Amino acid sequence: MPILVSGHERCVLLVHPIDADRAGVRDGEVAVLESRVHRGFVPVHVTNEMTPGVVSLPHGWGHANSAPWQRVAAEHQGVSANDWTDDSDVEAIVGQSILNRVPVRLKAAG
């Protein structure tokens with residue numbers, strides 16, 4: 001449904017201005033985000049809503065491999081936050097993957 005993807009872009013990396021300056025990226029640019037298991041491109045939104053040293057990829061669901069009948073999803077591919085999570089980093093007691101607090105590095109794409 002097109003209404004579900006209307007409005008402003010939600011699948012962006014939220015970055016504090018201090019971290020954006022340190023990485024050499026500006027609001028609206030595409031940057032490189034790296035974790036131990038993945039390196040990929042992400043659109044950046046610089047905002048004071050983040051704490052320095054922390055980034056957030058809300059609504060990072062991704063639709064890169066959408067089925068042909070998922071036309072709207074294919075038109076709004078985005079990135080998947082799951083790509084950066086490390087399947088070898090698990091919670092010790094229950095063995096569940098840790099999906100938050102994933103160590104990453106942010107760099108300018110150029």
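In strand β3, the residue that A31 takes as its bridge partner is V42, and this contact belongs to the pairing of β2 with β3, which runs in the antiparallel sense over five bridges. The two strands form a hairpin, with four residues between them. The model in which these strands are seen is a predicted one, and its confidence is taken up further below.

On another side of the sheet, strand β1 (residues 13-15) pairs with strand β3 (residues 39-46), here in the parallel sense and over three bridges. Within this part of the sheet, L14 stands opposite H45 of β3. Taken as a whole, the sheet is open and has five strands, in the order β4-β1-β3-β2-β5, and its pairing is mixed. Strand β4 (55-56) and strand β5 are the edge strands, since each of them pairs on one side only. As a general point for reading such a sheet, side chains in a regular strand alternate between the two faces of the sheet.

Confidence varies along the chain, and it is worth keeping in mind as the description moves away from the sheet. The mean pLDDT of the chain is 83, and 74% of its residues reach 70 or more. Among the elements, helix α1 (residues 17-23) has the highest confidence, at a mean of 98, whereas helix α2 (residues 71-75) has the lowest, at 66.

The charged side chains offer a second route through the fold, with a count of seven salt bridges. One of them lies in helix α1, where the side chains of D19 and R22 meet at 2.8 Å, N to O. Why can these two residues reach each other? They are three residues apart in helix α1, and so are separated by about one helical turn. The surroundings of the two partners are nevertheless unlike: D19 counts as buried, because its relative accessibility of 9% falls below the 20% limit, while R22, at 64%, counts as exposed.

A further salt bridge is formed by K107 with E34, and the closest N and O atoms of this pair are 3.1 Å apart. Here the contact links distant parts of the chain, for K107 is in strand β5 (residues 105-108) and E34 is in strand β2 (residues 30-34), with their positions 73 residues apart in the numbering. E34 is buried, with a relative accessible area of 11%, whereas K107 is partly exposed, with a value of 38%.

The side chains of D89 and R101 also meet in a salt bridge, at 3.8 Å, N to O. Both residues lie in the loop between α2 and β5, so the pair ties together parts that are 12 residues apart in sequence. In this pair D89 is partly exposed, at 26% relative accessible area, and R101 is exposed, at 57%. Salt bridges that share partners also join E34, R39, R105 and K107 into one network.

What remains is the empty space around these elements. In general terms, rolling a probe the size of a water molecule over the atoms shows where such space is left. The largest pocket holds about 350 Å³ of space. Of the 15 residues that line the largest pocket, V55, L57, L99, N100 and V102 are the closest to its centre. By class, its lining consists of 10 nonpolar, four polar and one charged residues.

The second largest pocket has a volume of about 200 Å³, and among the residues that line it are D19 and R22, the two partners of the salt bridge in helix α1. Its lining also includes A23, L33, G53, V54, V55, V104, R105 and L106. The elements that give two or more residues to this lining are α1 and β5, and the largest share, three residues, comes from α1. By class, the lining of the second largest pocket has six nonpolar, one polar and three charged residues. R105, listed in this lining, is also a member of the network of salt bridges with E34, R39 and K107.

Conventions:
Residues are numbered from 1 along each chain as its sequence is written. This is a predicted model: local features need pLDDT of at least 70, side-chain atom pairs count only at pLDDT 80 or more; totals for chains, interfaces and linings use all residues. Side-chain values use heavy atoms; hydrogens and water are left out. pLDDT is the predictor's confidence in each residue, from 0 to 100. A salt bridge is a side-chain nitrogen of Lys or Arg within 4 Å of a carboxyl oxygen of Asp or Glu. Buried means under 20% relative accessible area, exposed over 50%, partly exposed in between (1.4 Å probe, protein chains only). Two strands pair if DSSP finds at least two bridges between them. On a 1 Å grid over the protein atoms alone, a cavity is a set of points where a 1.4 Å probe fits but cannot get out, and a pocket is an open set with protein on both sides within 12 Å along at least five of seven lines; lining residues have an atom within 4 Å of a point. Grid points are joined across faces, edges and corners, and a volume is the space filled by probe spheres set on the points. Ala, Val, Leu, Ile, Met, Phe, Trp, Tyr, Cys and Pro count as nonpolar, Asp, Glu, Lys and Arg as charged, and the others, Gly among them, as polar.
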